[in-house]
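I opened a fresh notebook page for this protein and went through it one stop at a time. Here is what I looked up, in the order I looked.

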Amino acid sequence: MTAEATNTIVDAGTRGVGADVGRPDGVPKVQGRFAFSSDLWADDFLWGHTLRSPHASANIRSIDIGPALATAGVHAVLLADDVPGRRSYGLEHPDQPVLADGQVRYVGEPVAVVAADHPDIARRAAEAIVVDYEVTEPLTDAEAAPPAAPIHPSGNVFREINIRHGDQDATGDVVVEGTYEVGMQDQAFMGPESGLALPDDDGGVELFISTQWLHVDREQIAACLGIDEEQVRLTLAGVGGAFGAREDLSLQIHLCLLALHTGKPVKMVYSRDESFFGHVHRHPAKMWYRHHADRDGRLVRVEARIVLDGGAYASTSSAVIANASCFAAGPYKVPSAHIVGLAARTNNPPCGAMRGFGAVQTCFGHESQMDKLAAALNMDPIELRLINALDSGDRLITGQVITGTFPVAEVIRQCAEAPEPHIAPSDDRRDLPGGSGRTTDATDTVRGTGFAVGFKNLMFSEGYDDYSSAACRVADGVATVTCACAEVGQGFVTLAQQIARTELGVDEVILAPAQTATVGSAGSSSASRQTWMSGGAVQAACRAVRDQILADVAADWDMAPDGLVLRDGLVVSLDGQQEALLAQVTAGAGYEADVEYHHAPTEALDENGQGNAHVSFACAAHRVIADVDPDLGLVRVRDITTAQDVGRILNPTQAVGQIEGGTAQGVGLALMEEIVLDNGLVRNASFTDYVIPTTLDMPDVTIAAWVEEPEPGAPYGAKGIGEPPTISSSAAVAAAVRNATGLPLPRIPIRPADIALS
C-alpha cells in the first residue's frame, strides 16, 4: 500500500494550549497532497461493488448470481449465506443484516457484493445479478408505526420515553400550542465512503478506513467475520468529513468479506449517489408542543410529543430520542413538564447520528414556541428568554441539577446586544434572494430578524462507560502521542500536539497513526466529546510521563520533584540553579505511559425520565437577518451573529471554523437541505438535487462572544464546540423568515411554496 503518512513532526516552539496553531494536515489538504481513504492503493488489488435493493419493502424469492460470476474479471459474488459469523450488525443493537437475508427493508439495502479487476467490471457484474423480489407495501409513516404489523422481528418501536417533571396538574395563565416538522437531512460530507482491506496470513484482515470509531468498527466486523477481534486490525485513513454519518458501518464488513474470500486486497469507493444510501441521515421529526406561562412570562409547564422516524434499522435512534426528549424544553427553567418521545422503525432509509443529535429538531420546536409565547404575552422575545434562562445550580426537566458552568443568559445577551450591521441596498443580484439566476428585485424584498438559543449535552450519557485511551512516549527530547481518536476534520490532530507541548515543554511532537493495534479505544468522534475525552487522555498520559522524568531527575539532583518543571526543551529547577536538556535526560530508553481516561459517571433515566443522565452541557445563540421575496418564496440570509458557551478556547482558528461550519449546516437545514422521500424512494440522491449552502449562500458569521467560563473537571476547562452552532442556527433562520413574512412556517426546510403559496 502506498499513501502519504499522516503522522507529522512539527517545529512547535511555544505553540501550546490556547495558541492559534495551524493544522499539521492543513497545507497538504489545500495542496492536494493529503491521502484520503479514496487514495489508498495496494499491489494486485480488486475493486468491490454493492448491489442494492430498488424497493423499500420486499421479500427476496431468489437470487441468481450466475451471470455475474460468468463476467470476465469477476473474482467473487457474495450473499447473506456467505457471511461466516453473525449475519447482522449495529452500533447499539445488531439488527441490520450485513447482506439482505430473505427480505429488504429500505431502498438501498445491500443485497450482494462483488469483487472484480476493475470498478466498471464490478459494477456491471452487480447489475447482472438477477433478484426476484416480491414487493410488499412499505411502512413509511413513523406515527403509524407502533400499532402497525412489525416490519422487523424487533418490532416497530426503537424506544419510547416519558419525562414527567414537577406538578403534572400545573397550568399557566397564557397557553400556546404548535405542531412542527423537520425534514431528513444528509451529512453531505466531502469524501464518499471508501476503504481498503488486505487479508493477512493468520486468517485475519487489515482495514484502512475512514470512520468515526475504530474500535467499535472492529468489534462489529470481527463478530460478522467469525474471528477474534485481534485478527481485525484497523488503521484510520484520511477522512473527508463525517458529522455523524461515519459512526455506523457502511462498507467495512463488505470489504473484509471480499478480501478474505478472494485472498486479495479489495478497495471500495462509493459514488456520490451511492453514498446517500450508504450511511444514516438526520431523523425527520414531527413535534407537538404546548407551553404554559404566567402573565410575567415565566414558564409554568411544557408539554410535548416528539416522533422521530428512525428508518429501517436501529443505529443510534434510542440515544437520539433520549436527547430530543431531555432537551425538548430548551435551556429554560421549567417547573413542570411532560415530554413523550418516540423513535419508530419504518421502511425509510436508516437514520442515526448527525451534528446536534436530537437537539436540532427540538430546538426548532421550543424556539418556535418561545416566539409564539412572546407574541401572546406582547413581550420582547429576548426578554422572555432571559427571564427563563437556566444557570448553574438550576434543575433540568430530567431532575438533574446543573453542576458545571452554563451561562445561557450571558450567551443570549452577548448575541442580542451585538450591534446590528448596516446592510445597504445592493445592485449586486448575488445579494438578493435567489442570487444571480433568479428574478428578484430589491424593491420586492422584505427583511426580518430572528433569534434562537439552544443547548445540548457533551459526551455520552445514561450510564454509558465513556472513556478514551492515549499513550505518550518521550525519547531524545521528542514526544510521540498515540490515540485512536478519529480525526474527521474537527482538529484533534492539532489539539493533541498542543496538549503535549503544554504538558511536556517540548517543541517536536509526533502524532502516531490512529490504529486499533497500538492503543485502546478513544470512543467515537461524536457527541462533542473528543476535546474533553481524548484531550483528557492525552493530557493524562503526558503528565504521567512528565512525572516520571521529573522524579528521575529529582533523584539525580537530590531534590523534590515539585521543585522542577519542563520548559522549552529543558528540565529546569524552580530556583534557577540547575537545568538539563530534555533530549539528554530522555536519550536512549525514553519514558512512556499509557492511560485510560474516564469522565464522572452518569446514570440511566428512570421510568419517569428522571436521573443524572448527562456529564455537562453547552449552549449557543444565533441572531439572523434575512431578506425574503414573498412573491417567489426566495430567501437570502444577510447576516448571522452568534455567541457560544465554550468553557475555554484551546485554538481560536479551529473554534471559528467549527462555529462557521456548524452554522452553515444549520442554514442548509432551515432553507434547502432535505432528502425527499416518495413512499420510501429517495428522489434526490445527488448534489444536483440535494442542495447544500455554498460560499455564495452564506453571509459573514460574526462571533459576538466566546463566553469563556472554564468547566470544572474538563481538560483546561474546555467544552466541545462542534454541535451547538448547528442547534440554534436553523431555528434562528426560520424565525427571521417568519418575522419578514408574518407566516407561521412550522416546518423546515422552508420551501419557496411555503412562502409564495401561503
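The entries below go from the whole chain to four single residues.

**Entry 1: the whole protein**

I note first that this is a predicted model. I looked up the secondary structure and found 16 helices and 32 strands. Next I checked the overall size: the C-alpha trace spans about 80 × 75 × 60 Å along its principal axes. How does the radius of gyration sit beside that of a compact globule? For 758 residues the globule rule gives a value near 27 Å, and the protein has 27 Å, so the two agree.

I then asked how much of the chain is tucked away, and 61% of the 758 residues count as buried. The accessible surface comes to about 27300 Å². Carbon and sulfur atoms hold 48% of that surface.

For contacts, I kept to pairs with a separation of 6 or more, and 81% of these join residues 24 or more positions apart. I also looked at charge: there are 53 positive and 100 negative charges, and the mean positions of these two sets are 4 Å apart.

**Entry 2: S37**

My first single residue was S37, which I found in the loop between α1 (26-31) and β2 (46-52). Is S37 buried or exposed? Its relative accessibility is 4%, and the cut-off for buried is under 20%, so S37 counts as buried.

I looked for its partners beyond four places in sequence and listed S194, G195, S210, A237 and G238. With one of these, S194, there is a polar contact between the two side chains, at 2.5 Å.

**Entry 3: T179**

I moved on to strand β11 (residues 174-182), where T179 lies. T179 has a relative accessible area of 51%, and exposed begins over 50%, so this residue is exposed.

What does T179 touch, once residues up to four places away in sequence are set aside? I found M287, W288 and P746. I also noted Y289, which is 110 residues from T179 along the chain, with 6.3 Å between their C-alpha atoms.

**Entry 4: E487**

Back to a loop: E487 sits between β21 (478-483) and α11 (492-504). I read its relative accessibility as 9%, so E487 counts as buried.

Where does the E487 side chain reach a backbone nitrogen? I traced it to Q490, at 3.0 Å. Leaving out neighbours within four places in sequence, I wrote down R23, D25, L236, V239, F492 and V493 as the contacts of E487.

**Entry 5: R747**

My last stop was R747, in strand β32 (residues 747-748). Its relative accessible area is 17%, so R747 is buried.

Which residues does R747 contact beyond four places in sequence? They are E181, G183, F364 and E674. I looked more carefully at E674, whose side chain makes a polar contact with the side chain of R747 at 2.4 Å. G183 earned a note too: it is 564 residues from R747 in sequence, yet the two C-alpha atoms are 7.8 Å apart in space.

**Recap for tomorrow's page**

I have S37 and E487 down as loop residues, and T179 and R747 as strand residues. The two side-chain pairs to revisit on screen are S37 with S194 and R747 with E674.

Definitions and conventions:
Residues numbered from 1 in each chain as written. Predicted model: local features only at pLDDT ≥ 70, side-chain atom pairs only at ≥ 80, totals over all residues. Heavy atoms only, no water. Helix = DSSP H or I, 4+ residues; strand = E, 2+ residues; numbered from the N terminus. Rg over C-alpha atoms; globule rule 2.2 N^0.38 Å. Buried < 20%, exposed > 50% of the residue type's maximum accessible area, 1.4 Å probe, protein only. Contact = heavy atoms within 4.5 Å. Areas by Shrake-Rupley, 256 points an atom, 1.4 Å probe, with all protein chains shown as cover. Lys, Arg positive; Asp, Glu negative; His and termini not counted. Charge placed at Lys NZ, Arg CZ, Asp CG, Glu CD. Polar contact = N/O pair within 3.5 Å; in protein donor to acceptor, adjacent residues only side chain to side chain.
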